[in-house]
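Work through the exercises below with the sequence and the model at hand. Each task is followed by a solution in steps.

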Amino acid sequence: MYHTLRFLGFLFILILQCSADPGSSCSKTSSLLDFESEIEMFQHQLRGVIKVLDDCSFWVSEFDMLPGSDVHWWGAAGPDFANLTTGFVISNDKLNKTYKNETFVVRLKSNLTWDQIGVLAVWDIPTASDFGHVVLGDLRNGSGNISLSPDLAPSPAMEPNSSTVRNRAGGVPTMFENCKALSPNYRVRWTLSADENSIDIGLEAATGTMNYMAFGWADPKSSHSPMQQADVAVTGFTEDGMPFSDDYYITEYSECMIDKNGLVLGVCPDTMYEGSDPDGLVNNTRLVYGHRKDGVSFVRYQRPLKSIDKKYDLPVNHTGNMTVIWALGLIRPPDALRPYYLPQNHGGPMLETYGHLVLNVSEHVNDCLGPLDAEDKEDQDLIIADASVPLVVVSGPAMHYPNPPYPSKVLYINKKEAPFLRVERGVPVKFSIQAGHDVALYITSDPLGGNATLRNVSETIYAGGASAQGVLASPMELVWAPDRNTPDQVYYQSLYTQKMGWKIQVVDGGLSDMYNNSVVLDDQQVTLFWTLSEDSISIAARGEKKSGYLAIGFGSGMVNTYAYVGWIDEGIGRVNTYWIDRKDASSVHPTNETLSHVRCKSENGMITFEFTRPLKPHCSRAERQECNNIVDPTTPLKVVWAMGAGWSGDHLSERNMHSATSSRPVRVLLMRGSAEAEQDLRPVLAVHGFMMFLAWGILLPGGILAARYLKHVKGDGWFQIHVYLQYSGLAIVLLGFLFAVAELRGLYFSSLHVKFGITAIFLACVQPVNASLRPKRTANGEAVSPKRLAWEYLHVIVGRSAIILGIAALISGMKHLGDRYGGENVEGLNWALIIWFLLGALMVLYLEYRERKREKDRNSERSSWVLGNMEEDDSTDLLGTSNTEKESHLSQILEVQLQPLSK
């Protein structure tokens, strides 16, 4: 029936051609006469069949195509890049519109013959784009081999089969005998091979790359809804862009899960019910081919009409009416617990994202009028340039270049093949060119590159040129600052070879203009922006890959982290805050942080969200958990990130768990505007703290105590002990200070601990200078000079003040360690420190009591002696409170020594 209709259509077109131009008959001597082939799709959703009618015309049927710029029928000697780009227009007919399953006849130019044409293509001249082509004279007619282009993504398990191609040369996997529109953006195509017990099915939808396409048969014996006990195929694309197709069975209307009894429930792969499937008897949905082009997903697979698996596969009655079901929705990538792509709830209205209908696959159906036209056709990876992060440009093999044909080598930016680059006006873009000396990067208005002047085409060069070349060992740095006169779209290309680069979108200022600092987080998948103000911080996070939600967290990992999650909910951007205390969905607790200027959007599937929050929450730390979420600009902020397929603001479940996450935290230095990989700072801080305790808790106080309470020891031993302990303590203080500054890579004075410490160190450093300026003692019998008296007071006051501030720095340092770095047993260490200093205070009181008693005894003994010349060295008791009085008293002593009276 189908072939009869096609033949009648062909006769009708032929009659119209002859009646329209009876004098233009052509000979029929070409060896290509009656050659028929399907057109291989490359771009613009091109489909169709061509048939050579005679020496100067060919017939086109079932022709679908989205419009281009200046599209023509094109001829070339071969299908490779060099031949196609040097081809020629073969007809005066233009193709500058949308074609919807149309049929027409095309005449060759009068000076052309079929012998001059090896490849017949649909070609867009301004962009040198091959929308699709046919290799003429292909002898594969009837062989069943599928001609695949290198940019397509076939399954490794793909095998030739006669059901794929029917009496046409160059059979391609995008063509089928039937097509049914399931919704405005979703279609199913099929070709039945009843004699081979198989049916080829093609699913295509204008949907996102993170979405699945499902289609299958309902159980005619089921008394439930069509979904339950249904046998479906779930298709889609992996995160690497490779197609997949798996056999699923639906037991419940829910996401696949395993209950507490070990039973598998929900929409699950057959292999989850049956276990391993080394022979392919359980998962008998065989992937044939898949691609994503122009924002449309297409997957072709083959399944048997009657399967060996009687338990989870339903037999398809190809001659009768059966209920089929279909759905579109987000898919959850595999993880460690469930290594399968699992579809989630479609979530949309019926007949748009899911539905069912009655279908007889043996009846010819074709209600798919024209190609699917997606709103977002740009499927290339998106890179948003940042002024502080250079774009690394290298060259590599062409795998999925967006504009065929293409050379064997293309440009990669930040490890992505020919990405779509977005820059902002007024923001300098830095390229680090490491693509080799045969690749000279330049920014041009010409979409092809390769020096347009050689093709007699004018172009504007905005940056780069012959000198913009470099290698890994010696990269070349190119800085380009797009301005207000730069067009909205330009191109990065090689000066020497055409079509190595891709598009640059130039937009008005964005995040880089709005925020003062930015860093790329771990794995280069998320960029963090921020601007500090006096009492608040404005933050933006931008994902560099497609996802359903983006989350950043302040902490060392998933556990004990304050998280900020941005996602799109029914077209509305949302940002919520959470406290996470364990690694399961029930441990993600919503919080009520004070956020302002909240925004969230999705561009090309990549989430960006922004918010402003206070540095210190306006609540008591004991009031709510989020009140402990303090951002101290002087302390490195540990940041982690995660992405997943979808998020819910109401009830979280395991399906909201992330599919990608940072491998380690990044320490963001907020005041410096930089970041570095996370390192465990607790050992560093422990060494710093121990050195400071040794100095301020033992050595320096010990030196002071020696000067105060060891003067009764004969000689100047007390003075030597005093000097040695003070200089040792000062040296350790300076080493500990330098060690901390070097490790933290900065010194900021807003922290109370730093203020105490710096002041104490300054006073401690003043003491040696003060000691070197000590005035000499006056001669015996003379009054103490005012300079000496002032020096002694200054030395005592500065020394005691340094000790007090040093102790305060030790205590505040322990508190700082607990607040900022989560140090364990900090409270216990604080109490130990306090007890240590209390014991020291008790010891000082005891020594002071002993010293007072010793002074009293000395005075009583002195009364039984006559006055004389009491010699004393210059090493005075710096901490003695009666020192001045003694010197005043001694100055009045006569130099005549009186002997005791003898009776």
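**Exercise 1.** How many bridges join strand E10 to strand E11, and in which sense do the two strands run?

Solution. The model is predicted, so local features need pLDDT of at least 70 and side-chain atom pairs count only at pLDDT 80 or more, while totals for chains, interfaces and linings use all residues. Residues are numbered from 1 along each chain as its sequence is written, and side-chain values use heavy atoms, with hydrogens and water left out.
- Locate E10 at residues 178–183 and E11 at residues 186–193. Strands (E, at least two residues) and helices (H or I, at least four) are DSSP runs numbered from the N terminus. Two strands pair if DSSP finds at least two bridges between them.
- E10 and E11 run antiparallel and are joined by 5 bridges.
- Alanine 181 has arginine 187 of E11 as its bridge partner.
- The connection from E10 to E11 is a hairpin through 2 residues.

**Exercise 2.** Trace the pairing of strand E3 and state its burial.

Solution.
- E3 covers residues 47–54, and 8 of its 8 residues are buried, where buried means under 20% relative accessible area with a 1.4 Å probe, protein chains only.
- Strand E1 (residues 36–38) is joined to E3 by 3 bridges in the antiparallel sense; glutamate 38 is matched with valine 49 of E3.
- Strand E4 (residues 57–65) also runs antiparallel to E3, over 6 bridges. Here valine 49 has serine 61 as its bridge partner.
- E3 and E4 form a hairpin with 2 residues between them.

**Exercise 3.** What is the strand order of the open sheet of 6 strands, and which strands lie at its edges?

Solution.
- The order is E24-E28-E34-E33-E30-E31, with mixed pairing.
- Strand E24 (382–384) and strand E31 (461–464) are the edges, each pairing on one side only.
- Within the sheet, E28 (residues 420–424) and E34 (residues 503–507) pair in the parallel sense over 4 bridges. Glutamate 424 stands opposite valine 507 in E34.

**Exercise 4.** Why does the span of helix H7 agree with its number of residues?

Solution.
- H7 has 21 residues (752–772). The expected span is 1.5 Å times one less than the number of residues.
- This gives 30 Å, and the end C-alpha atoms are 31 Å apart, which agrees.
- The buried residues of H7 include Val754, Gly757, Ala760, Ile761, Leu763, Ala764 and Gln767. An α-helix has 3.6 residues a turn, so residues three or four places apart point the same way.

Technical notes
Buried means under 20% relative accessible area, exposed over 50%, partly exposed in between (1.4 Å probe, protein chains only).
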